[in-house]
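Work through the exercises below with the sequence and the model side by side. Try each task before reading its solution.

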Amino acid sequence: MLDPNERVQAWWFSARADCDDLVATWTQQPRSLSPHLQSCAECRADLADTAVVDQPPRRHLTTEELWSFDLGTMSADERARVDAHTASCSDCAQAVLALEEGDSAIDEALEMEAEGAGASAARTSRAPVPRRPGARHPEQREVLEERRDFRVLLVRERQRVRLLVQPLSGRSVTAAVFLTPGKPSLKPSQGPEGISFELGAEAGGARSAHLTVQAGGETLERDFSY
Ligand SMILES: [Zn+2]
Ligand SMILES: [Zn+2]
């Protein structure tokens with residue numbers, strides 16, 4: 001509507017005056033490009049520049065996400081995002097696979113340690129398990145007690161501590177751990193290595209608990225700190 005003589009000087013005002021179709025794409029993705037959008041080089045360039053906003057590139061899993069996935073501290077929503085992303089991103093799928101391989105490498109390393117180490121002094125020190133490629137979480141084991149029928153270990157792993165009671169002689173072993181006198185025992189879980197009790201996150205200060213183990217005719221009662 002400007003006077004033709006003024007248009008040249010007001011080019012910045014009128015140059016894209018016909019590009020209304022572009023404005024329409026800001027609020028709704030067009031099914032097909034209008035004739036104007038197809039023919040206008042400036043609009044096509046603008047559409048190309050903003051394509052990244054309409055379809056943002058996939059965001060890869062971050063290190064933090066992989067950690068919390070590995071530790072099992074993810075919410076259901078976060079887990080769903082990991083699943084959805086790894087379904088289409090082979091890089092991240094591989095990272096998640098590596099976590100699982102890392103875990104089995106740790107198990108292997110522990111088995112090797114259990115087989116390889118005799119009754120050496122290293123067993124009673126807090127010697128870390130030898131690291132194997134892929135094992136990201138060095139684990140520390142401290143022997144609290146060793147009897148004929150069982151062994152008691154404190155296992156520190158990924159900032160968590162658990163107590164492990166390993167049967168040694170094939171006799172049945174039962175164990176209970178009490179954090180507070182008079183309260184029920186921690187819930188034991190039976191694993192390939194024996195009975196284990198999750199003591200929770202490693203605290204800076206010393207916490208203590210009471211342990212009872214029965215094997216054969218023998219009973220062990222002791223306090224321990226961790
Ligand atoms: Zn245009
Ligand atoms: Zn990815």
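The exercises go from the whole chain to the metal sites, then to the surface and the charged pairs.

This is a predicted model, in which local features need pLDDT of at least 70 and side-chain atom pairs count only at pLDDT 80 or more, while totals for chains, interfaces and linings use all residues. Residues are numbered from 1 along each chain as its sequence is written, chains are lettered from A and ligands numbered from 1 in the order in which they are written, and side-chain values use heavy atoms, with hydrogens and water left out.

**Exercise 1. Describe the chain as a whole.**

Step 1. Take the secondary structure: the chain has 8 helices and 8 strands. Both are DSSP runs, numbered from the N terminus, with helices (H or I) of at least four residues and strands (E) of at least two.

Step 2. Take burial: 32% of the 226 residues count as buried. Buried means under 20% relative accessible area, exposed over 50%, and partly exposed in between, with a 1.4 Å probe and protein chains only.

Step 3. Take the contacts, meaning heavy atoms within 4.5 Å. Among those between residues at least 6 apart in sequence, 45% join residues at least 24 apart.

Step 4. Take the surface: about 14,700 Å² is exposed, with 54% of it supplied by carbon and sulfur atoms. The areas come from the Shrake-Rupley method with a 1.4 Å probe; for residues, only the protein chains shown count as cover.

**Exercise 2. Find the donors of the zinc ion (ligand 1) and classify its site.**

Step 1. List the donors, which are N, O and S atoms within 2.8 Å of the metal (3.2 Å for Na, K and Ca); water is not among the atoms, so sites may look incomplete. Cys19 (SG), His36 (NE2), Cys40 (SG) and Cys43 (SG) lie 2.1 to 2.4 Å from the zinc ion (ligand 1).

Step 2. Check the angles. Four donors count as tetrahedral if all angles lie between 85 and 135 degrees; four count as square planar and six as octahedral if opposite donors are over 155 degrees apart and all others between 65 and 115; anything else is irregular. Here the 4 donor atoms give angles of 102 to 121°, and the site is tetrahedral.

Step 3. Read the spacing along the chain: C-x16-H-x3-C-x2-C. Cysteine 19, in the loop between helix H2 (11–14) and helix H3 (20–27), and cysteine 40, in the loop between helix H4 (35–39) and H5, are 21 residues apart.

Step 4. Add accessibility: cysteine 19 is buried at 7%, and cysteine 40 is buried at 11%.

**Exercise 3. Treat the zinc ion (ligand 2) in the same way, and place His85.**

Step 1. His60 (ND1), His85 (NE2), Cys89 (SG) and Cys92 (SG) coordinate the zinc ion (ligand 2) at 1.9 to 2.3 Å.

Step 2. The angles among the 4 donor atoms are 100 to 126°, and this site is tetrahedral.

Step 3. The donors follow H-x24-H-x3-C-x2-C. Histidine 60 is in the loop between helix H5 (41–54) and helix H6 (63–71), and cysteine 92 is in helix H8 (residues 90–116), 32 residues apart.

Step 4. Histidine 60 is partly exposed at 39%, whereas cysteine 92 is buried at 7%.

Step 5. Histidine 85 sits in helix H7 (residues 76–88) and is buried at 6%. Leaving aside residues up to four places away in sequence, histidine 85 touches Arg58, Arg59, His60, Leu61 and Cys92.

**Exercise 4. Which residues make the nonpolar surface patch of about 530 Å²?**

Step 1. Patches are made of residues with over 30% relative accessible area and no salt bridge: like charges are joined within 9 Å, nonpolar side chains (Val, Leu, Ile, Met, Phe, Trp, Tyr) within 5 Å.

Step 2. The residues are Leu2, Trp11, Trp12 and Phe13. Tryptophan 12 lies in helix H2 and is exposed at 58%.

**Exercise 5. Count the salt bridges and examine examples.**

Step 1. A salt bridge is a side-chain nitrogen of Lys or Arg within 4 Å of a carboxyl oxygen of Asp or Glu. The count is 13.

Step 2. Aspartate 46 pairs with arginine 16, with the closest N and O atoms 2.8 Å apart. Aspartate 46 is in helix H5 and arginine 16 in the loop between H2 and H3, 30 residues apart.

Step 3. Arginine 160 and glutamate 198 form a salt bridge at 3.9 Å. Arginine 160 lies in strand S3 (residues 160–167) and glutamate 198 in strand S6 (residues 194–201), so the pair ties together parts 38 residues apart in sequence.

Step 4. Arginine 148 and aspartate 149 also meet in a salt bridge (3.9 Å, N to O); arginine 148 is exposed at 59%, but aspartate 149 is buried at 2%.
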